[in-house]
Every structure is written in structure tokens, then in C-alpha cells.
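Trainee: Could you take one part of this model and go through it closely with me? I'd like to follow the reasoning rather than just get a list.

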Amino acid sequence: MFTKIIKNEWRNLFAERSFLVLAIVFAVLLGFGIYNGAKWIKERSEKSKALLVAQEKDFADKKEKTAKGFKGSFEPGNFQPDPASPYSIGMGLQYAVLPFSPTAIFAVGQSDILPIDAGVTISSIQRTIAAKAIGENPLSFLAGRFDLAFVIIYLLPLFILALSFNILSGERETGVLQILLSQPLSLKNLLTAKVTAQFVFLYALVLIVTLIGLLVSGVNFSAEGFLVRTILWLAVVFAYTLFWFSLAVFINSFGFSSATNAVACSAVWLILVLVLPSLLNILVSAVYPVPPRSELIAAERSVNLDMRKDGKRLLSEHYQDHPELMPKSEKPDLNDFGLAFVYVQRLIKEKMDETQEKFNNQIENQQNLVSKLRFLSPSIITGEAINDIAGTGLNRHKHFRSQVKEFDKAWGEFFVPKIYRLEKLSVDDFDKIPRFKYKEESTSEVSARVGLGILVLVLMSVGLMFLTFGKLENYRLE
Amino acid sequence: MIAKIARKEFIECLRDGRFRWTALIILALLLVSLGLGWKNYSDTKREIDTAQAESRETWENQGERNPHSAGHFGVYAYKPKKPLSLVDSGLDNFSGSTIWVEAHYRNPAKHRQIEDATALQRFGELTAAGVLQLLLPLLIIFLVFDAFAGERTNGTLRQILSIGVKRSSLVFGKILGTTSALFLLLIPATIIGFLALAFATANESLLSSLPRFLLMCVGYLLYFGAFIGIALTVSAWASTTRLALIILLGFWIFTCLALPRLTNDIALNAHPMPSNKEFWDQIYEDMKEGVDGHNPSHVRVKELEEKLLKQYDVEKKEDLPVNFNALMLQQGEEHSNLLYTKRYDEIWNIYYSQERLQEYFGAVSPFLPIRSFSMAMAGTDLRHQKHFIDEVELYRREFVKMLNMDFANNSPTKDGYNYFVGKEVWKKAPKFKYVEPNTNWALQYEVWNIILLSIWCFGALGLSVFAANRMRVI
């Protein structure tokens with residue numbers, strides 16, 4: 001009987017033209033989401049790659065010139081710094097790039113706003129073009145991106161509700177329910193069979209379209225972590241789908257009319273997907289307010305020294321405190337503008353890093369709170385999980401940031417002493433210049449975070465179904 | 001007759017539990033968002049005022065240094081919060097709020113609030129504008145979807161028409177009834193919005209915000225009119241209430257939810273941005289080779305030198321009574337000003353092209369024109385952002401020029417950079433004072449959106465009359 005109902009439900013679904021149109025529209029939207037994600041990743045990684053290529057080319061170029069004994073040019077119109085000068089390389093901007101995870105296609109996430117090409121220099125960053133980013137059109141952040149995550153989080157529930165808002169009320173209103181139940185069939189079984197039929201159909205649709213999308217967009221299936229992350233994604237989507245179906249049958253169990261069910265379903269969707277997240281966002285930023293950015297500016301400007309006026313005093317003090325930095329052969333020129341500039345910039349950098357830490361901590365606090373509050377709305381659970389899996393959220397970025405910090409330290413330690421000691425880079429030194437290599441976060445951490453979310457989604461669904469079955473005892477057939 | 005129908009419709013709305021609950025929730029959300037908007041406005045305003053004052057204080061107390069060093073130290077310009085941002089914060093959180101004003105560089109606005117937020121922010125923000133643009137249409141749909149379809153299913157439609165009620169009266173009655181019910185919600189919301197605005201602003205900025213506020217209200221009325229018309233049309237056309245509801249919800253999902261994102265991605269793909277590095281590489285290239293590629297910097301410096309030697313009738317640069325270094329710096333500024341305008345405008349033209357492409361889609365979604373129009377009236381759209389950064393740029397030129405000229409006129413070339421000044425000069429530097437553009441300025445860019453909104457409103461209402469005249473009775 002159970003399989004008969006499932007088969008019958010499928011036959012009914014496919015016979016309804018409006019449903020087929022809806023399914024095709026949904027499949028196209030899924031496809032478009034995947035296409036956009038793939039396009040974003042491709043363009044964005046090309047830009048990052050161009051940065052790295054330019055950097056290596058610059059090093060190779062300078063190394064070659066150094067080997068040839070070129071000492072720079074001061075001729076008007078052809079100014080070139082000494083290629084072996086630790087000052088010009090160290091002060092220059094080096095990029096540490098966060099590569100996209102193999103499953104980044106699942107969500108653009110925060111990758112359009114968080115700096116995934118982090119600038120590193122011995123100077124304070126605000127002087128560099130890394131801090132002078134022109135950035136994406138603000139309008140784009142207002143609208144949000146049409147990526148796969150959007151289709152899953154916002155549209156998938158709507159499609160589910162469109163399918164099942166009248167799963168019982170529809171049958172009742174057409175009088176079919178009474179006839180069906182005159183057969184040896186319980187209401188619970190009927191409902192379970194109908195939901196199973198719709199669930200299987202929908203999940204298969206998402207699965208097939210996504211799989212085709214991944215194949216077409218040329219995702220590397222053998223990349224490390226791809227399989228684990230994809231399985232996690234499948235599980236999240238499964239649990240999220242389950243939740244919305246459970247919700248639809250729960251609403252149906254009250255025995256309202258189809259129209260009332262539709263209103264109730266859309267109201268619940270509205271609250272869980274649109275209203276609750278924005279309310280929680282307000283709460284989170286009220287509990288852990290991020291200080292105004294002007295504090296960062298104040299920190300930067302608190303080091304208020306002039307290289308020309310204060311340089312001599314600062315440098316002589318610095319060399320006294322750090323005799324190991326004293327050049328071996330010659331005495332440093334304490335009026336050297338560049339040396340004083342390095343000194344002042346390092347001071348500013350230190351101050352700014354301290355203040356920046358305050359911002360980072362506050363955002364981290366916010367993120368930790370979100371990780372707890374996410375359980376209030378299934379769409380937040382899913383949103384967080386998908387960003388986590390795609391590696392385009394705050395968690396992976398935090399992991400990246402800590403590595404950038406280390407790299408920044410290594411960069412400074414390599415160049416700054418050389419500058420004070422008035423040394424030049426040797427040909428061999430060019431290969432020793434620190435390079436950034438991102439170490440991927442462990443997938444077990446991702447699995448743990450995402451796994452908990454999935455568990456809660458499933459528990460919510462089971463709870464709703466339990467309540468539904470309880471209410472079905474008193475379901476009125478007319 | 002129309003009045004009677006309207007009255008019946010109005011009373012029915014009030015008695016309807018669905019309406020009462022949704023209206024209450026929406027009203028509550030509207031009030032909360034207005035309250036939050038108000039708090040956000042006053043907090044941010046205070047922060048900005050403090051920061052702006054602090055920036056000036058640090059500037060004036062930077063101690064003795066060379067004016068050019070001071071030019072590198074610079075000052076900061078903060079974007080003032082607009083009073084109407086408490087209704088519609090628009091792009092405020094997504095666009096830079098601070099510009100570092102310094103010598104040599106025209107810096108982009110930085111510190112987008114969204115950089116300091118979790119992914120929750122991406123679910124959207126609770127603003128009064130958001131409630132009005134997204135949730136109110138849903139309320140209208142819930143109110144109106146069974147206007148005709150329900151009467152038909154119940155069989156009352158046949159009875160009403162049989163006693164000689166004109167179909168057009170029926171439509172106008174329904175429009176009037178629904179609108180009055182909506183006004184029960186909108187009037188208190190508008191009054192509270194106005195009060196919030198009045199409390200948040202000083203008198204003169206309240207006066208200048210008032211036309212913008214009223215125009216915004218008109219815009220929203222047109223938007224709601226469009227949804228009432230569409231909902232009535234669908235209700236007249238659809239065979240069952242269920243079908244009417246599904247179609248209307250589908251329309252809402254498409255126009256308010258999917259289309260804004262769809263058009264955004266289409267626009268981003270159609271008009272791609274250069275990378276940050278490409279942008280700055282281009283600027284460095286321009287600086288070196290000259291804005292037109294024909295007068296590289298060393299040639300320009302040579303020309304300046306010759307001109308000055310002739311003007312002061314001296315043999316060597318070192319004998320000049322004015323500081324050649326400073327004049328060279330100023331010449332560099334004059335040159336880079338041109339190229340910055342060119343390159344920044346290129347970027348903004350990409351933004352505008354993206355925006356325009358999205359606005360074309362307003363022909364299929366009333367949501368897009370109201371979103372743009374509302375932001376424009378609130379002063380939180382792209383045009384206002386550009387206005388701010390352009391004003392800051394004009395200020396930067398004035399600021400840097402003042403420093404360079406002080407340096408040039410008060411020290412001879414032979415002293416090089418050994419010219420140090422203090423507070424008395426820093427105090428003379430101009431202060432940044434941003435004056436918001438007036439309503440007419442904002443309106444000139446909104447013609448297309450206003451036309452679209454009007455077409456949507458009157459077109460949809462007209463269509464509902466047409467549909468009612470042709471609807472099936474049974």
C-alpha cells in the first residue's frame with residue numbers, strides 16, 4: 001500500500017503541468033546559482049593568481065639584475081631602486097592569498113568582502129594599495145549574490161512549501177481523503193508515504209542538478225577534502241529539506257483550509273528565513289559591539305612623529321637599544337629619511353595591529369554567539385554550515401588570518417634587520433625571502449561544527465513529525 | 001455603492017484574524033526597525049562628529065613639521081549620516097564611510113560596516129524600508145487574494161452582480177476598502193516615522209529632509225497601489241482562491257526575492273570591475289607617463305624649472321626665492337588630480353552601468369524601482385555616495401594646495417625640506433564641511449524609477465478594473 005501511494009503521488013505530480021513548470025524553474029535557478037558561483041571563483045582566483053605571478057616575476061627580475069651587478073638608476077625618467085635593497089622589497093606589498101576550497105562553489109559567502117588577498121609589508125598597511133581597495137559595487141552587497149547557497153537557503157524551502165502546503169488539506173477539500181481512508185490505510189501512513197514521495201523527488205532533483213553543475217563547471221573531484229565537504233553538504237541539504245517538509249505536514253495537521261495553510265507556511269518561512277536572522281544580527285552586534293573604525297585611525301595617528309625632525313633622535317636611540325643591528329662596516333647615517341621612516345612605520349604598525357586585534361576579537365565573539373544562536377533558525381544553521389563547507393565564511397578566514405599574521409612576522413624579521421644593518425640582498429637571499437603557503441584547516445573541525453548543525457536540524461524535524469502524528473489522532477476529515 | 005462595498009471590505013479585513021495578526025506583526029516590526037534606525041542614526045552621528053573633531057584636533061596638534069610631511073599625515077573625512085537613513089539605510093553599511101585625505105593620493109572611501117559583521121548580516125537588515133518593500137506587499141497579498149476569487153467560490157459574486165452592482169464599482173470599492181485597512185497601519189507608522197525624524201534631527205535638517213520624506217511616502221503609496229492592483233487582477237482572473245494565492249506568492253518571490261539577486265549577478269557579469277591592483281597599476285602608469293601619455297613626469301619637472309628660472313630671473317634652481325620642491329609637489333598634484341578624476345570616474349561608470357542594468361529590470365518588478373527611489377530620497381544611494389567622495393576630493397585639493405603653497409612661499413629652494421611650521425599653519429588649513437545635495441538634485445536621477453512606479457501603480461489598478469469586467473462569475 002505504502003509504495004502504491006508513493007507511486008500514485010509521483011504520477012499525480014508529473015501529471016500536473018504547473019508543478020512541472022515549477023520544477024523546471026527551480027532546476028534552472030539551481031543551475032544559475034552554480035554557474036554564478038563557478039564564475040565568481042574562476043575570476044576571483046585568476047585575479048589572485050595574477051598577483052602571485054607578478055610577485056614571483058618581480059623577485060626573479062630583481063635576482064637577475066642583482067646577479068648582473070645592477071645597482072639601481074637615478075636618471076630622470078628612469079628611476080629604478082637598487083634591486084637588492086631590502087627597503088624597497090620589504091616596504092613593497094606582498095600578497096598572502098587564501099585559495100578557494102575545492103567546494104567553494106556552494107557559496108560565495110563572505111569571500112566578496114573579507115580580504116582573501118591579504119597585503120603584507122614591513123610598513124603599516126594603510127599606506128599600501130591593499131588598504132586602498134576600490135571594492136565591489138555597494139549595490140551588490142545590498143542585493144546579495146545569486147549563488148547556490150541562496151537557492152538552497154531561500155528558494156528550496158519555498159519550493160517545498162509550494163509542494164506540500166496542502167498535502168492533507170488539498171486531499172480533504174477535494175473529498176479524496178475520505179475515500180482514501182476508507183481503504184485499509186491509516187492517516188499516518190498516507191501522510192508519510194506522500195511526504196516520502198515528494199521528498200525523494202525533490203532531493204533527487206537537487207542532487208542531479210548539482211551533480212551536473214559540478215561536472216560542467218569543472219570542479220576538481222579529486223582535490224583534497226572535496227569528498228568529505230561534498231558529503232557534508234549533501235547531509236545539510238538533506239536535513240534542511242527534511243525540516244521544511246516536517247514543518248509543512250505539521251501545519252497541515254491543524255486541519256486549516258489550503259489557503260490558510262499557504263498563509264501560515266509563508267509566514268513561518270518569512271519569520272525563520274528573513275525576520276529572525278536580521279533580529280539576531282541586531283542582538284549579536286548589540287551584545288558584542290564592534291568599536292567605531294575611527295579608533296583604528298586614532299591608533300594610527302597616535303604615533304605622531306616626523307622623520308625629518310625626530311628621525312635623528314629616534315634612530316640613535318634605536319641603535320643604542322639594539323647594538324646587534326649596528327652595521328658592521330660603516331656607521332649609519334642618522335639623518336637617513338628611509339631608516340627613520342622604517343622606524344616610525346614599525347611603531348605605527350605595532351599600534352594598529354594591537355587595535356586591529358580588538359576588532360578581530362569582537363567579530364570572533366560575535367561569530368561564537370552566532371554559532372550558539374544559529375539553533376534558533378534552521379536557515380541560519382544551514383547558512384552557517386554551507387559557508388563552513390564552502391570555506392567562504394569567517395571560520396576558515398580566521399584560520400587564514402592567523403597564518404597571515406605569522407607570515408607578516410616572518411616578512412618583517414627577514415627585511416627589517418637587513419635594513420638597519422645597511423645590508424643588501426645577495427643573489428641567494430632571493431630564494432630565502434619568505435613565501436606564503438596556506439595550510440588548509442582540518443576537515444574534522446569543519447565536520448564537527450557542521451555535524452552539530454545537522455543533528456539539530458534532524459532533531460527539529462523529528463520533533464515536528466512527532467507532534468504531527470500526535471495531532472493527526474484528532475484530524476477532522478471534513 | 002462604492003462606499004458601501006469599501007466599508008464592507010474594510011470591516012471584513014478588520015475581522016479577519018489573518019489580517020489582524022499579520023498587520024500587528026508588521027506594525028511591530030516597523031516600529032522596532034524605526035527605533036533601531038533612530039538609535040543607529042544618533043549613535044553613528046555622534047561617533048562621526050567625535051571622530052571628525054578628533055581628526056581635526058590631532059591635525060592641529062601634530063607638532064612642528066614640514067608642511068609636506070603634514071600633507072602625508074593628512075586628515076580624515078567622515079561621511080555624515082543622513083537623517084532619513086533611519087528609514088532606509090540603503091547602501092550605508094556597504095559603502096566606505098571614511099576617506100583619508102592626504103597628499104599625492106586620492107584614496108577610496110574605506111571602512112564598510114559590513115566588513116565588521118558576521119554572515120548573519122547577509123540575511124538582510126531590519127530597516128523600515130525593508131519592512132515596507134518586502135513585508136507590506138505580502139500583507140496586501142494576504143488581504144486581497146480572495147477578493148474576487150473568494151466571492152466566486154462562495155457564490156456571493158453572482159448575487160452581488162445580480163442585484164445590479166456595477167463591476168467597476170465593485171473593483172473601486174475593493175481598492176478603497178483594502179487601502180483604508182492598510183492606512184490603519186500606514187498612518188501611525190508614518191506619524192511615528194516623522195516623529196523619529198523630528199527627534200533625530202535639528203530644525204534646519206528636518207526642514208530639508210521633509211520634502212524627501214514626503215516624496216518617499218508618495219513612492220511607497222505607488223508601490224502599494226501596484227501590489228493592490230496586481231492582487232485584485234489575479235484574484236479576478238484565477239479560478240480558485242488557492243490558485244490566486246499561489247500565483248501572487250510566486251510573483252512576490254520572483255519580484256522581491258529572486259529578481260534583485262538575479263539582476264545583480266547579471267549586472268556584475270555584464271560590467272566586470274578591474275582588480276584593485278589593475279586600478280592602481282594604471283594610476284602609477286598615468287603618473288609616470290602623464291595623463292595623456294605624452295608628458296612624462298621628468299619632462300614636466302624640467303619645464304617647471306625653466307619657467308621659474310625665467311620668472312625670477314635667476315641662473316640656478318638653488319637661487320630661487322620660492323621653494324622649488326614645494327612647487328614641484330604642487331605641479332604633481334595638479335597633474336594627478338586630472339588622472340584621478342579620470343580613473344575614479346571610470347570605476348563609478350562601471351557601478352552606474354551595473355545599477356542601470358538592474359533598473360531596466362524594474363519593468364518586470366516594482367520592487368527594483370521602489371528600492372532605488374527610496375534610497376535616493378533617503379540620500380543613501382550610489383549617487384549620494386559619489387557626491388560625498390567628490391566633495392572630499394575637492395576639499396583634498398584645496399587642503400594639499402594650501403600646504404604646498406605655504407611651503408613654497410615661505411622657504412627658499414636652498415633650504416630643501418628643512419622648513420618646519422606648527423600650529424598656526426595647521427589652524428589655517430581648511431575644514432571639511434559636507435553639505436548634502438538638495439531634493440531636486442536627488443530627483444533628477446530618479447525620473448526612470450518614478451515613471452516605472454507610476455506605470456506599475458496605475459497600470460496594475462487599471463488592469464484590475466479590466467480583469468473584473470471580464471471575470472467569470474461562477
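Mentor: Let's begin with A:Gln320, which counts as exposed because it has just 9 C-beta neighbours inside 10 Å, and the cut-off for exposed is 12 or fewer. Keep in mind that this is a predicted model. A:Gln320 sits in helix H12 of chain A. Its C-alpha atom is 50 Å from that of A:Asn137, a residue 183 positions away along the chain.

H12(A) is also a way into the contact between the chains. That contact takes 69 residues from chain A and 71 residues from chain B. On the chain A side, H12 (307–321) is one of the helices that each supply at least two residues, and others include H2 (17–67), H10 (258–287) and H13 (337–373). The largest share comes from H10(A), with 17 residues. Sort the chain A side by class and you get 39 nonpolar, 19 polar and eleven charged residues.

So what does H10(A) pack against? A good place to look is H9(B). Two packed helices are described by the angle between their axes and the distance between the axes. For H10(A) and H9(B), the angle is about 20° and the axes are 9 Å apart. Angles under 35 degrees count as roughly parallel, so H10(A) and H9(B) get that label. Their crossing is left-handed. From H10(A) come A:Ser258, A:Ala259, A:Ala262 and A:Ser266, and they meet B:Thr241, B:Arg242, B:Leu245 and B:Leu249 of H9(B). By class, that makes four nonpolar, three polar and one charged.

Now stay on H9(B), residues 241–270, and look at its packing within chain B. Helix H4(B), residues 128–144, packs with H9(B) at an angle of about 165°, with the axes 10 Å apart. An angle over 145 degrees counts as roughly antiparallel, so that is how H4(B) runs relative to H9(B). The crossing here is right-handed. H4(B) brings B:Leu134, B:Pro137, B:Leu138 and B:Ile141, while H9(B) brings B:Leu248, B:Leu249, B:Trp252 and B:Cys256. The split is eight nonpolar, no polar and no charged. Notice B:Leu249: it is in this list, and it is in the contact with H10(A) as well.

From H4(B), step back along chain B into the loop between S2 and H4, where you'll find B:His111. Most residues other than glycine have a negative phi. B:His111 has a positive one, near 65°. With 19 C-beta neighbours inside 10 Å, B:His111 counts as partly exposed, since buried needs 20 or more.

Strand S2(B), residues 98–101, pairs with S1(B) in the antiparallel sense over four bridges. One partnership there is B:Val75 with B:Val101. S1(B), residues 75–78, is covered on both faces: B:Val75 and B:Ala77 are buried on one side, and B:Tyr76 and B:Tyr78 are buried on the other.

Finally, set B:Asp313 beside B:His111. B:Asp313 also has a positive phi, about 55°, without being a glycine. It lies in the loop between H11 (297–312) and H12 (324–360) of chain B. B:Asp313 counts as exposed because it has 7 C-beta neighbours inside 10 Å.

Key
Residues numbered from 1 in each chain as written. Chains lettered and ligands numbered in written order. Predicted model: local features only at pLDDT ≥ 70, side-chain atom pairs only at ≥ 80, totals over all residues. Pairing = 2+ DSSP bridges. Contact = placed C-beta atoms within 7 Å. Nonpolar A, V, L, I, M, F, W, Y, C, P; charged D, E, K, R; others polar. Axes fitted to C-alpha atoms, helices over the stretch in contact; angles between N-to-C directions. Parallel < 35°, antiparallel > 145°, perpendicular 65-115°, else oblique. Left-handed = near helix turned anticlockwise from the far one by under 90°.
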